[in-house]
Amino acid sequence: GGDRFRRAVSKVLTDKAPGLPQEVGERVKRLRCAFVSQFDTRGMALLEATRGFIARTCMPSESGRTCRIMWDFAWRFREQLRKGDALYLESQDVIYLLIWSALVLNSDAHSPNVKCKMKMSEWVHNTKLAIDAARAKSTQAPPWAPPPPASR
């Protein structure tokens, strides 16, 4: 039924297409971007938007596939931010890190395979370090960046 179809679509959307020509990989990426573009996250908090996206998406079990679709979702969320929104001045990298950090925390909290659970202070510390590094090394030119000052 419908769940098998959603899994098949998810597999195609997140496929890295190894061994296939580069144009096939580019088509898959465009298809994935078109898929995440269906989601309207305007006015939503990041966690609320992420939960809604995951609830309506058959998330792949492989981490590489999850990374690809969540990277594109971070792009979509960033694209829909408005001036005044909490994350308006953040890059796609930072938004992606916040999403991934929340996913890791959720897995840590609910997985019976994790014997030593992460403390909140550890999670906050690790997340801050990752975000600071992303901000320092971000190569993404944000669309809101002001133009350079004119020479006089």
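Start by selecting L46, L47, T50 and I54 in helix α3, then add I95, L98, I99, A102 and L103 in α5: these two groups meet, where contact means heavy atoms within 4.5 Å. The residues of this contact divide into eight nonpolar, one polar and no charged; Ala, Val, Leu, Ile, Met, Phe, Trp, Tyr, Cys and Pro count as nonpolar, Asp, Glu, Lys and Arg as charged, and the others, Gly among them, as polar.

A word on what you are viewing: this is a predicted model, in which local features need pLDDT of at least 70 and side-chain atom pairs count only at pLDDT 80 or more, while totals for chains, interfaces and linings use all residues. Residues are numbered from 1 along each chain as its sequence is written, and side-chain values use heavy atoms, with hydrogens and water left out.

Now show both helices whole: α3 is residues 46–55 and α5 is residues 92–110. Helices here are DSSP runs (H or I, at least four residues), numbered from the N terminus. The pair packs at an angle of about 70°, with axes 11 Å apart. That makes α3 roughly perpendicular to α5 (65 to 115 degrees).

Next, click on T50 in helix α3. Is T50 buried or exposed? At 6% relative accessibility, T50 counts as buried (under 20% relative accessible area, with a 1.4 Å probe and protein chains only). Leaving aside residues up to four places away in sequence, T50 touches M70, F73 and I99.

Finally, follow α5 and select Q92, V94, I95, Y96, I99, S101 and D108, which are buried. Show their cover too: it includes α3, α4 (63–79) and α6 (120–137).

Note on methods: Axes are lines fitted to C-alpha atoms, for helices over the stretch in contact, and angles run from 0 to 180 degrees between N-to-C directions. Angles under 35 degrees count as roughly parallel, over 145 as roughly antiparallel, 65 to 115 as roughly perpendicular and the rest as oblique. Buried means under 20% relative accessible area, exposed over 50%, partly exposed in between (1.4 Å probe, protein chains only).
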